[in-house]
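Take a walk through this structure, one piece at a time. Keep the sequence and the 3D view side by side.

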Amino acid sequence: MKNIKKYGIVASLAVLGFSCADIDPLEFDVEKPASIVEFDRINAFDDLKSYLPENSSFRIGSKIPLPDYGSMGLYYRVMNRNFNEITPSTEASHGAVVQNDGSLNLASLENFFDAVEVSGISVYWNNLITHSGQNSTYLNSIIAPLVIPGDEGTYLINFEDSEFGDNFPMHNGGSSVVVTDPVTQTGKVLNVLGPQTFPMFSITLPDGVTLGDVETLTFDFNGAGCCGLYGQGLRMGISDGPTVSTFTGYGSPASFGAPDGGWSRNAIILPFADLNLTASQKELNSFTLSVGSATGAANYFIDNLRLFWRQEGETIPKTGEEITEILTYEMDKWISGIAEVGNEGIKTWNVLSHPMSNDNPTELRSGEEMESIPDGTFFWQDHLGPQYGVLAFQMARQYGDSDDLYFINETGLVGNPAKLDGLMQYISYLESNGVQVDGIATEIRIDLSSSLAQVASLFQQLASTGMRIKISSLEVILDSTNPTPVMMNRQEDLYTELVESYFEHIPSNQQYGMVFGRAVDLQEDPLRQGIWYRYRTSENLLDRKPAYAGIAQGLINAFD
């Protein structure tokens, strides 16, 4: 309904030479702009938690980044006014807190819980043990096989122990003579002369080392453009006899950065993998090596030929018992660390999140379902089996308070009764192993085209479990960076209907609470599932969206 203001304007007319006359005031209507009407309508609602009955134990909350609440600024005040529970978001994940050396960086959490202590608000800890948001780099490293490096070394051919004028055998004629270094005029190097000819060297590796262990040949080169720097490239070959007849081609010395007429040191590296050695050749301890530049008028120098070899090390996989011990310790360290820093604020825990498979909903999730496991993903259950949930609940209760509540959380339950059945089977397994599960939490995300019939059906199925039921993340997404008023009002209506549906189908003794997936829209986020605008006016203000009115109306209708 539009608000109309009437304004009376009284005009006085004074005419020189005449007496004043009374004039009736004119009346006309001034209509508020639609945007102002909508603004007033939404802001006529009270703070959200004010619609809960007095002394109600029902929890209404939102996810919020740690810094936004811990700074005790605008977000802090708005959250405290509207909610009686908050959930720290991704900055509180295992991957954000656990460092690559296994230590826990709790500074941001300490700041967050200091603010919680001041406000007195309750904290709902989300995703205590789950597969996403993990420091997978660290966790995988500590259960990786023990690798014992193999021996490695270098076989060196230089010419300091040779006599000046000594010759080495050649492939295809020519000569190779030990001479003085032409640059330094000290030391001994090998001068190669002749067309398409390469020196040959007899090699005997250390005992136990074979040709198959050799990875590279590195050598120093000094040649001019006329006489070996370019040509047809370098050649290298291996033989188990005194001569070499088969060669593999490589780039020219120039392609390795060798200068014209100067020494190139440690730059020419030829991989032995390119030689395609046979199995029998790889077993050789002694062999003939031939290497050189394929040029028609060779006159270059080489020195310090180095064969780098490395033997394969030993890999010792960890046993299942060792992995269980390691990950049990890590889980204990993580859960106890969170409980210690948040013991006064956390009242409710999502101990396990997303345990069930999407593809096989009666089975636990597994990395085996994925072609590749992305960074930040670690499946505890792949290493600990279904017992991982037993351990998680036992540790959460050990370190948490006795009057806290401990939930299991799952997503993708809307329209998927088989997954709920699988979750209930796993809850039965946990309970048969002495675990008490206080309730089921579920994440619900819909868009503007979604039907609420499946959501209502899910609520009915959840009610039939007899357990406490919590919505751990409720989102109606717009999926538009420029939503129209029609889209915003449809989002409002859906939030109203979702809230009403929860209270309609979940018995009052099973109603625990609901968490909204995002409190505030961000300019760059097209989902726009939030309740407030951050980008509408000032950076120091949060404007309510129509979604706020939808949630408020849903609470009014539920408790009316």
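Which backbone oxygen does the side chain of Q491 reach? The side chain of Q491 reaches the backbone oxygen of R528, at 2.8 Å. Keep in mind that this is a predicted model.

Now place Q491 in its surroundings. Q491 sits in helix 13, which covers residues 485–505. Is Q491 buried or exposed? Its relative accessible area is 0%, so Q491 is buried, the cut-off for that class being under 20%. Leaving aside residues up to four places away in sequence, Q491 touches L448, V476, L478, R528, Q529, K545 and A547. R528 is thus among the residues that Q491 touches, and its backbone oxygen is the one reached by the Q491 side chain.

Next, the barrel. How many strands close into it? There are 8 strands, in the order 3-4-5-19-20-21-22-23, and the pairing is parallel. From one strand to the next, the twist averages 25 degrees.

Look at one pairing in detail. Strand 3 spans residues 59–64 and strand 4 spans residues 85–88. These two strands run parallel and are joined by 4 bridges. Find I64, then look across to strand 4: the bridge partner of I64 there is P88.

Move on to strands 19 and 20. Which helix lies across strand 19 and strand 20? Helix 10, residues 387–399, lies across strand 19 (346–353) and strand 20 (405–411). Helix 10 runs at about 170 degrees to strand 19.

Then turn to the empty space. The largest pocket holds about 870 Å³. It is lined by 37 residues, and the closest to its centre are K63, S89, T90, N126 and G517. Which strands each supply at least two residues of this lining? They are strand 3, strand 21 (439–447) and strand 22 (468–477). Strand 21 gives the most, with 3 residues. Strands 3, 21 and 22 also appear in the strand order of the barrel.

Finish with A273. This residue is found in the loop between strand 15 (263–271) and helix 7 (279–282). Why does A273 count as exposed? Its relative accessibility is 62%, and the class begins at values over 50%. G212 is 61 residues from A273 along the chain. In space, the C-alpha atoms of A273 and G212 are separated by 9.2 Å.

Key. Residues numbered from 1 in each chain as written. Predicted model: local features only at pLDDT ≥ 70, side-chain atom pairs only at ≥ 80, totals over all residues. Heavy atoms only, no water. Buried < 20%, exposed > 50% of the residue type's maximum accessible area, 1.4 Å probe, protein only. Polar contact = N/O pair within 3.5 Å; in protein donor to acceptor, adjacent residues only side chain to side chain. Contact = heavy atoms within 4.5 Å. Pairing = 2+ DSSP bridges. Axes fitted to C-alpha atoms, helices over the stretch in contact; angles between N-to-C directions. 1 Å grid on protein atoms, 1.4 Å probe; cavity = no way out; pocket = protein on both sides within 12 Å on 5 of 7 lines; lining within 4 Å. Points joined across faces, edges and corners; volume = space filled by probe spheres on them.
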